[in-house]
Amino acid sequence: MGEKVAAGRFDLSDRQRYRDKLRQCLTGLERLLAEKRFDRPRNLMGLEIELNLAGADGMPKMLNGQVLERIASRDFQTELAMFNLEVNIPPHRLGGRVFDRLAEELRTSLAYADRKAGEVDAGIVMIGILPTLDRDDLVSSNLSDVDRYTLLNDQIVAARGEEFTLDIEGVEHLSCTSKSIAPEAACTSVQLHLQVTPDRFSDVWNAAQAVAAAQIAVGANSPFLFGRELWRESRPPLFQQSTDTRPPELQAQGVRPRTWFGERWVTSAYDLFEENLRYYPALLPICDDEDPLKVLDQGGTPSLAELVLHNGTIYRWNRPVYGIADGVPHLRVENRVLPAGPTVIDVIANAAFFYGVVRALAEESRPVWARLPFEAAAANFDAACKDGIDARFTWPRRGRYSGTTQVDAVSLIRDELLPLAEAGLDAWGVEPADRDLYLGVIEERCRRRVNGASWQAATFHKALDAGLSRDDALAATTRRYRELMHKGDPVHTWPVGVPEPVSPD
């Protein structure tokens, strides 16, 4: 949803015209695929991180407009709510010391943004869900002052026709309602992009779906919402419920949510774009003047604007992306599974694990998706969100044996996925020093059974045990998290608890 959208009303003819344009776009995509018009392999990756603004007290600050004005960089953009920002790192070629370069760029960008935020008494916090957010923070009046967010909110609210229900049963139970999609803004994530050729797309997407649960298990960082301790990674249920256009009756009929894991392995990128048209009515039926088939007939490259806009309103955890660079179309897999944070080295370690393991799995002669039912992959994803690093998964048996077995997430990652990630990074041409440093972070998280979510929960409970109220414990946890985040050591090394206040002499 990065497109600039002008606010306005839609009449009855707009949706039919938009549907017709979507079909033309889909035909155009089919032709582009058949004519092999897509970019050659370039091993390109990209990275986006959503961020929170908080004050020295750990509470959210609704100041993204002022902070962005001070940052004055196109690398930083608005996000859904006024306490959100997003930083975009330009594409890099996978190979060499790419992860060290990414880490250095990120550190520089975040330090600069934090200094600029400090000018209005705010700071950057890179975390899945800010623990100090309150229901009063997540209301429509705190949405960013950008037409596309207002319009998207209005359309989702109208499609639903009633308040949104948030009901998450975790360590504790959260049940409340919202009049807008603002609670979605609590979810801040890392988005990893990988450019792929059409022939490779389905293998890479299927591999990404298969390992999404493992990504969450080691990377969970969102255990709190509205003062409640919920799932170790509470973003997925929150995101689904806060954007759910389906009233209960449509849910009971099995209508698909707009935020979803999916329901099958695919054989082409076309499968996913076609599903988008078949299952999801338009939220933003804004038509472009381009005739995509005429552009193709003339030898040009169509923007497929309606297809791209529609795709941006369907929140798959691994999303297909159509783009154009230097006049040449390309496809990307956008991995949207991971929460932001805790530190730059943790974010880059999560990225290295993803790019390595997906490369290796996509090239296996007996691919995991041929041996793992899709329903099991979806159940693994839910288990990882609920239990984080302590989750158990269903996974294909190793060797010549057929069928599946139950395995601890930590054992699966250490014994099977990390060696695959190592081989995958070697295949990308990543230097061993980069490979070993960042995959070593993942291995240490597994060895110590620590990730951002477990640290947050342990620190919160230690603060409670020391006599702090719930609100004070959450604020103290957030302040300590921010301090350690900026210090930059990986989360598995963080001491649990908040420092004792120093008494004046």
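Me: What pLDDT does the protein chain average?
Reply: This is a predicted model, and pLDDT gives the predictor's confidence in each residue. In the protein chain, 97% of the residues score at least 70. The chain averages a pLDDT of 94.

Me: Over which residues is the pLDDT below 50?
Reply: Where pLDDT is low, the predicted coordinates should not be read in detail. One stretch calls for this caution, although the model gives it 16 contacts beyond near neighbours in sequence. The pLDDT is below 50 over residues 1-7.

Me: Which helix gives the most to the largest nonpolar core?
Reply: The largest nonpolar core has 155 residues, and I49, F99, L106, Y355 and I413 touch the most other members. To this core one helix gives 15 residues. That helix spans residues 344-362 and is α11.

Me: Which residues does L106 touch, not counting residues up to four places away in sequence?
Reply: L106 is among the residues that touch the most other members of the largest nonpolar core. With residues up to four places away in sequence left out, L106 touches L47, I49, V87, I89, V344, V347 and I348.

Me: Why is helix α6 largely enclosed by the rest of the structure?
Reply: Helix α6 covers residues 235-242. Its buried residues are R235, P236, P237, L238, F239, Q241 and S242. Helix α6 is largely enclosed because the number of its 8 residues that are buried is 7.

Me: Which backbone nitrogen does a side-chain oxygen of S268 reach at the start of α8?
Reply: Helix α8 runs over residues 269-279, and its buried residues include A269, L272 and F273. At the start of α8, the side-chain oxygen of S268 comes to within 2.9 Å of the backbone nitrogen of Y270.

How values were computed: Residues numbered from 1 in each chain as written. Predicted model: local features only at pLDDT ≥ 70, side-chain atom pairs only at ≥ 80, totals over all residues. Heavy atoms only, no water. Buried < 20%, exposed > 50% of the residue type's maximum accessible area, 1.4 Å probe, protein only. Helix = DSSP H or I, 4+ residues; strand = E, 2+ residues; numbered from the N terminus. Polar contact = N/O pair within 3.5 Å; in protein donor to acceptor, adjacent residues only side chain to side chain. Core = buried A, V, L, I, M, F, W, Y, C linked by side-chain atoms within 4.5 Å. Contact = heavy atoms within 4.5 Å. pLDDT = per-residue confidence, 0-100.
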